[in-house]
Amino acid sequence: MKRVFIMLLALCMAVSVSIVPSAASAAGYVSSANYTIEKVDRSFYDSTGSLKLSQYFDKVVLTDSSDNANKINELITRESDEFLADAQRNIDMVVEYPPYYGPYVNYATAKVTNNSDGILSIKMTTDWHMGGVYNTNVYGLNYNLNTGEELKLTDVFSLSAGEIEDYLKSQTIEYMNSDLDRGWWNDDFQNAWNTVNSKTLDEFDYYIQGDNIFICYPEYELGPGAIGHVVIQSPIIRDEE
């Protein structure tokens, strides 16, 4: 297995990486999308006009007139609806237990990190504080502009699904092993290495920027809250065109 990933690393260093899905040769190929970012706001102000709960979702909206753009907009709207599903319950809690210092927060901000080569990738950063611990996490929303569907990593890497899964695991474990003092879970109850190795390809969270994939792990998945969320930058491996 070590020999395989040494070969992959050598390939990555030797090849100029290009993130181009296999649909690139098809007629009517779409490379990038026009978009806006709309703030779906469910914040709460008290009777004096003071902000007590900052609660919203930054929704990327494609403005192109096409079926695929509409399909992606529907997928992103589902993400927004899911994120704000408990908005009213949060407001009710703030009414009953108002914050003493500044507003509580529950929001997701969006940054488009890739909008080329037929791939739309969005880095979502969430902040949550309803009293007690303040949590911040990062995850990705990734779409194929030429199918209107969620992006498949087999469209990005020149590797099989199994090889991509092994690669993401090896990149994570290498990162963890390089900083053993960080405090990764390492006991019989919870073990970060076991958590990574038990993942399937579909369970990896990520976003894409340039020639790199950023693997995202939420707070508490690989270690205690003190280490925060984890984002691991790794090169995308593709064959020469």
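User: So two strands pair if DSSP finds at least two bridges between them. With that in hand, which residue in S10 stands opposite Cys216?

Analyst: Val231 is the residue in S10 opposite Cys216. Helices (H or I, at least four residues) and strands (E, at least two) are DSSP runs numbered from the N terminus. Bear in mind that this is a predicted model, where local features need pLDDT of at least 70 and side-chain atom pairs count only at pLDDT 80 or more, while totals for chains, interfaces and linings use all residues. Residues are numbered from 1 along each chain as its sequence is written, and side-chain values use heavy atoms, with hydrogens and water left out.

User: Ok. What sheet is S10 in, and what's the strand order?

Analyst: It's an open sheet of 3 strands, ordered S8-S9-S10 with antiparallel pairing. S8 (205–209) and S10 (230–235) are the edge strands, each pairing on one side only. On average, neighbouring strands are turned by 25° against each other, ignoring direction. The axes behind such angles are lines fitted to C-alpha atoms (for helices over the stretch in contact), and angles run from 0 to 180 degrees between N-to-C directions.

User: How many bridges join S9 to S10?

Analyst: There are 6 between S9 and S10, and S8 pairs with S9 (residues 212–217) over 5. One of the partnerships with S9 is Gln209 with Asn212.

User: Which S10 side chains are buried?

Analyst: Val230, Ile232 and Ser234 are buried and point to one face, whereas Val231, Gln233 and Pro235 point to the other and are not buried. Buried means under 20% relative accessible area, exposed over 50%, and partly exposed in between (1.4 Å probe, protein chains only). In a regular strand the side chains alternate between the two faces of the sheet.

User: And what lies across S9 and S10?

Analyst: Helix H4 (residues 161–177) does, running at about 120° to S10. H4 has 17 residues and reaches 24 Å from first C-alpha to last, close to the 24 Å expected; the expected span is 1.5 Å times one less than the number of residues. Buried residues in H4 include Ile164, Leu168 and Met176, but Gly162 is partly exposed at 39% relative accessible area.

User: Where does the largest share of the biggest nonpolar core come from?

Analyst: The largest core has 28 residues, and Leu153, Phe157, Leu168, Trp184, Tyr217 and Leu222 have the most contacts inside it. H4 gives the largest share, 5 residues. By definition, such a core is a set of buried Ala, Val, Leu, Ile, Met, Phe, Trp, Tyr and Cys residues joined through side-chain atoms within 4.5 Å.

User: What does Tyr217 touch?

Analyst: Leaving out residues up to four places away in sequence, Tyr217 touches Thr172, Val196, Lys199, Phe204, Leu222, His229, Val230 and Ile232. Contact means heavy atoms within 4.5 Å. There's also a second, separate core of 21 residues, including Ala33 and Ile122.

User: Switching topic: is Val112 buried or exposed?

Analyst: Val112 counts as buried because its relative accessible area is 17%. Val112 is in strand S4 (residues 104–116) and touches Ile122, among others.

User: Which phi value does Asp117 have?

Analyst: Asp117 has a positive phi of about 55° although it is not a glycine. Asp117 is in the loop between S4 and S5 (119–129). Tyr220, in the loop between S9 and S10, also has a positive phi, near 80°. Most residues other than glycine have a negative phi.
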